[in-house]
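I sat down with this one to see how its parts meet and what surrounds the ligands. My notes follow the order in which I looked things up.

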Amino acid sequence: MTDFVKQTTGVFPSVCSLDCPDQCGLLLHKENGRIVKVEGDPNHPVTKGNICNKVRHMTERIYHRDRLRYPLKRIGAKGEGKFTRISWEEAVDTIASRWKKQIKEYGSESILPYSFYGNMGRLNAEGMDRRFFHRLGASKLDRTICASAGSIGYKYTMGDSLGIDPEDTIHSKLIIFWGINAVSTNMHQVALAQQARKQNGAKIIVIDVHKNQTGRFADWFIPIKPGTDSALALGIINILFAEDMIDHDFLDTYTIGKDELRQHVLQYDAQSVAEITGVPVNDIYKLARMYGKASPSFIRIGNGPQHHDNGGMFVRTISCLPALTGQWLLKGGGAIKGNSGYLASDTDYLQRADLLKNKSTRIINMNLLGEALHDVTQPVKSLFVYSCNPAVVAPNANKVREGLKREDLFLVVHDLFLTETAKFADIVLPATSSYENMDFYTSYWHQYIQLQQSIIEPYNESKSNVDVFRLLANVMGFKEELFQESEAEMAAHSFKHPNNVYLEHFTFEELVEHHYLKAKIKPLFPGHLPTPSGKIELYSEKMQEDGFPALPTYVPLKDDSGLPFLYVPAPNHNYLNSTFSNIEKHQKMEKEAKLYMNHQDALYLGIKAGEMVRIWNKQGECVLKAEIGESVLPGVVVSQGIWADQEGKKQLINALTPDRLSDMGGGATFFSGRVAVQRWQRSESLNKE
Ligand SMILES: Nc1nc2c(c(=O)[nH]1)N[C@H]1C(S)=C(S)[C@@H](COP(=O)(O)OP(=O)(O)OC[C@H]3O[C@@H](n4cnc5c(=O)[nH]c(N)nc54)[C@H](O)[C@@H]3O)O[C@H]1N2
Ligand SMILES: Nc1nc2c(c(=O)[nH]1)N[C@H]1C(S)=C(S)[C@@H](COP(=O)(O)OP(=O)(O)OC[C@H]3O[C@@H](n4cnc5c(=O)[nH]c(N)nc54)[C@H](O)[C@@H]3O)O[C@H]1N2
Ligand code: SF4
Ligand SMILES: [Mo]
C-alpha cells in the first residue's frame, strides 16, 4: 500500500465518513502535509464528483481552532467546560484505575459504552471498540437511535436490508420520496431521479409532513398528517385490488398472503383514509392510479416516518407496495429502505462477541440513556462516549444532561471537539478525523465498498478509535493478540462476510488497488428471500408470533400529553445531525432555528411571521423563530436542525422529544412528541430552565 501520509503534496482518493447514505467518493488536495481542498471524485460511479456543501467546507472543521489537540481532565464543575491538559499516559491510567476499582465494587456491567456513527468506518465504528468492551464485560448498548424500527419492519416483509440498485433508478417512470428529505439527506438519489425525469419523463412524488426543499422539487407534493402513512399505503392497496391494478402472477409466485391482504384492506376505504391522513379522497385515488399504472416505479423509503411510535409498521406496510404491481422484476422498479445487506462484513471477526463471557450481560437501549443514568438499582457508574453527542442528539435531552451531571458518574468522552457531552466529562480524549486513519466503508444506499487510507498525520495528539481501544486494552492488561492487530490486517480479514455472496469474488488487494468495488448484485427476483417463507410476506406469521398484527395495519400515534401540536424536529441541510453545528461557516449557512407552522394556527395564537415563539412540554422548552405559511398542515409544527448550545439561545430541540420507544426494534420516536406554542415575551429570560 502506498503511504499517502509521506507524500506531502498531491491529490488523494478518499471517502466521506459521515452518517449519510451517499457515502461519496472524495479527492483530498494536500499541500505541505495539509488538506487545502475537499472535492468530489469525478470517477466515483454514483456520486460522480458532486458533494454537498457541508463537506466541501470540511477543512473549516478539521483545522478549526476549537479542535481538541490533547487529552484533558476536568477542573471545574460538571458541564461547566473547565479543563486542563494532561498526557495520554495520565488519561489512560486514570481511566484504567477507575474502571478496575469500579469493576471490583460494582461489577463490569456498571460501565457503559455509548457510541454511534460519527465516523462510519467499520474498524472505527464497530471494530476494536467492540472487542474491547466485550473483553471488559461492559453493559451492551442497543444502537437504536436511527433506523432500527424500520429495519425490523422491512425485514418482516423482505427478509433483510435488500433493496434495488439506486443506479437503476434512472429507468424509473414514477419515483416516490416517502418521508425522506432527499435534497438534503440523499442528494445523489435526487440527481438520479432528475435524470429519470429528463430521460423518461419520470414523475416525482414527495409525501411528507413538511414541504421543504424536497417537496419543492417534486412534481406533486402530498402533505400528510404525521404518523399516518400506513393508512395511506393501505388505502392505495385497497384501490389497487378494487380496480385490479395488480400483477397476479407476481403475487402468486413471489408472495404469501395475497388473499388475506385483499380482505384486510377493505376497511381502509378512501373516505376513512382521508380522515386519518388529511389526504383528500380524490388525491388518494389519483395516487393509487398513478402507482398502479406506472412501471417501473420506485419508492425511496425515508427515515422520517420511522421516528414515530408506529415507525416499524410504517416501513413494514410501505414495503409491501412494490410487490402488488410486480415492480421487483423490472430494472428501476421496487424500493430502497436500506441496502446494507449487500455489503455485510465479517462482524464476528471484527467485533469478537465471543470475548464476552457473561452471555446474559444487560443491554441498554441508547434511546433510554436518560433513564439508564437515573437507574439506582443497577447504576451506570461509568460512561464512555465516542462518535456520538448524546447531550444534544438523544431524546429527552434535559434528562440525559441531568444524568451526565451526576457526581458519582465517571464520564470519558472521545471526540474531535469539546461537544456539549464532552463538557460534562471527567476525561476528554482527542479523536482523529477519518482522513487521518485507515478504514473501510460500506454504504447503506449504493452498493460500493470503499477504502480510506491515512492521508494526513494525526492532528496534534489525537488518536483514532482503534488506537484508543488498543491502548486501553494494553493498560487494562488484556493480552490477546487481537488487540494488537493492525488496521490493514483487520480490514483484510473482515471486509466481507464469509456468507456474503455479493462480495465473494473480491480480494482485499483489489480493494486497495481500486479504492472502491461494487457488490455483484443479482436482482432479488427471480429468487429466494431470507424470510421464513422465502417470499415477500404480505402476511407474516413471524409478526404474529412477535405480538404484532400479521398483516400491515395502521396504528395511531400515542398522545400522552394532550398538548395541541405534533412536533417534528427533523435534521437540516448544512449540519449532519449535530456535526458542523459548532462551525461558524455552517451556522451562517443555516442562519437560525425556525419553527414552521400553519398560518391558521399562527392566526389563532396571534403569532406573526418572524416573531420568536416559545414551544414547550413537561420535559422542557425552546424559543425559535416563527416561519408561517402553508408548508405544514394545521396542528403540526416542524423545526429543522439539531442545534449546538449557543449563548443566549434556547434551541436544544431534543429537550422536547419523547423517550418512549417505537413499536419495533426499540427505535426512537423523535417525531411523535407533542408541544404547546405561544408568542415568546421578550421579557422572559432565555437562560432560565
Ligand atoms: N444534510 C443532512 N444530511 C443527513 C443528515 C443530516 O442531519 N443532515 N442526517 C443523516 C442521517 S443520520 C440520517 S438517518 C438521514 C435521515 O434522512 P431522511 O431519511 O431524510 O430522514 P429525516 O430527515 O429524519 O426525515 C425525512 C422527512 O420525513 C418527514 N416526516 C416526519 N414525519 C413524517 C411522517 O409521519 N410521514 C411522512 N411522510 N414524512 C414525515 C420530515 O418532515 C422530513 O422531511 O440523513 C442523513 N443525512
Ligand atoms: N430531534 C432529532 N434528534 C435526532 C435525529 C432527528 O432527526 N431529530 N436524528 C437521530 C439520528 S437518525 C441519528 S443517526 C443520531 C445521530 O447522532 P450522533 O451519532 O451523535 O451524530 P452527530 O451529532 O453527528 O455526532 C457525532 C459525533 O462523533 C464525532 N466523531 C466523528 N468522527 C469520530 C471518530 O472517528 N471518533 C470519535 N471518537 N468521534 C468522532 C463528531 O465530532 C461528533 O461530535 O441523532 C438522532 N437525533
Ligand atoms: S455528507 Fe453525504 S452528500 Fe455530503 S459528502 Fe458526505 S456522503 Fe456526500
Ligand atoms: Mo441517522
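These entries go from the domains to one interface and then to the two ligands.

**Entry 1: domains.** First reminder to self: this is a predicted model. I pulled up the domain assignment and got three pieces for the chain. Domain 1 is made of 72-144, 343-435 and 460-502. Domain 2 takes 149-339 plus 525-545, and domain 3 runs over 565-679.

**Entry 2: domain 1 against domain 3.** I checked the spacing and found the C-alpha centres of these two domains 30 Å apart. How many residues are in contact across the boundary? I get 17 from domain 1 and 21 from domain 3. Interface size is often quoted as the accessible area that is lost when the parts come together, so I looked that up next. About 1,500 Å² is buried between domain 1 and domain 3, with carbon and sulfur atoms giving 52% of that area.

**Entry 3: what crosses the interface.** I searched for salt bridges between domain 1 and domain 3, and the rule returned one. I also looked at the pair Arg 401 and Asp 645: their side chains form a salt bridge, 2.9 Å from N to O. For polar contacts across the interface of domain 1 and domain 3, the count is 13 residue pairs, both partners at pLDDT 80 or more.

Which helix gives the largest share of the domain 1 side that touches domain 3? It is α20, with four residues. Helices α19 (390-393) and α20 (397-404) each put at least two residues into that side. Sorted by class, the domain 1 side comes out as eight nonpolar, six polar and three charged residues.

**Entry 4: ligand 1.** I count 31 residues around ligand 1, and the closest are Thr 185, Asp 208, Gly 227, Asp 229 and Tyr 575. Then I went through some polar atom pairs. Asn 181 has a polar backbone atom 2.8 Å from an oxygen of ligand 1. Ser 184 also uses a backbone N or O atom, 3.0 Å from a nitrogen of the ligand. With Asn 212 it is a polar side-chain atom, 2.9 Å from a ligand oxygen.

**Entry 5: ligand 2.** Here 32 residues surround the ligand, with Arg 61, Asp 415, Asn 465, Ser 578 and Thr 579 the closest. Leu 576 places a backbone N or O atom 3.1 Å from an oxygen of ligand 2. I noted 2.5 Å from a polar side-chain atom of Ser 578 to a ligand 2 oxygen. For Thr 579, an N or O atom in the side chain is 2.5 Å from an oxygen of ligand 2.

Terms used:
Residues numbered from 1 in each chain as written. Chains lettered and ligands numbered in written order. Predicted model: local features only at pLDDT ≥ 70, side-chain atom pairs only at ≥ 80, totals over all residues. Heavy atoms only, no water. Domains from an automatic or database assignment. Contact = heavy atoms within 4.5 Å. Buried area = accessible area lost by both parts, 1.4 Å probe. Salt bridge = Lys/Arg side-chain N within 4 Å of Asp/Glu carboxyl O. Polar contact = N/O pair within 3.5 Å; in protein donor to acceptor, adjacent residues only side chain to side chain. Nonpolar A, V, L, I, M, F, W, Y, C, P; charged D, E, K, R; others polar. Near = heavy atom within 4 Å.
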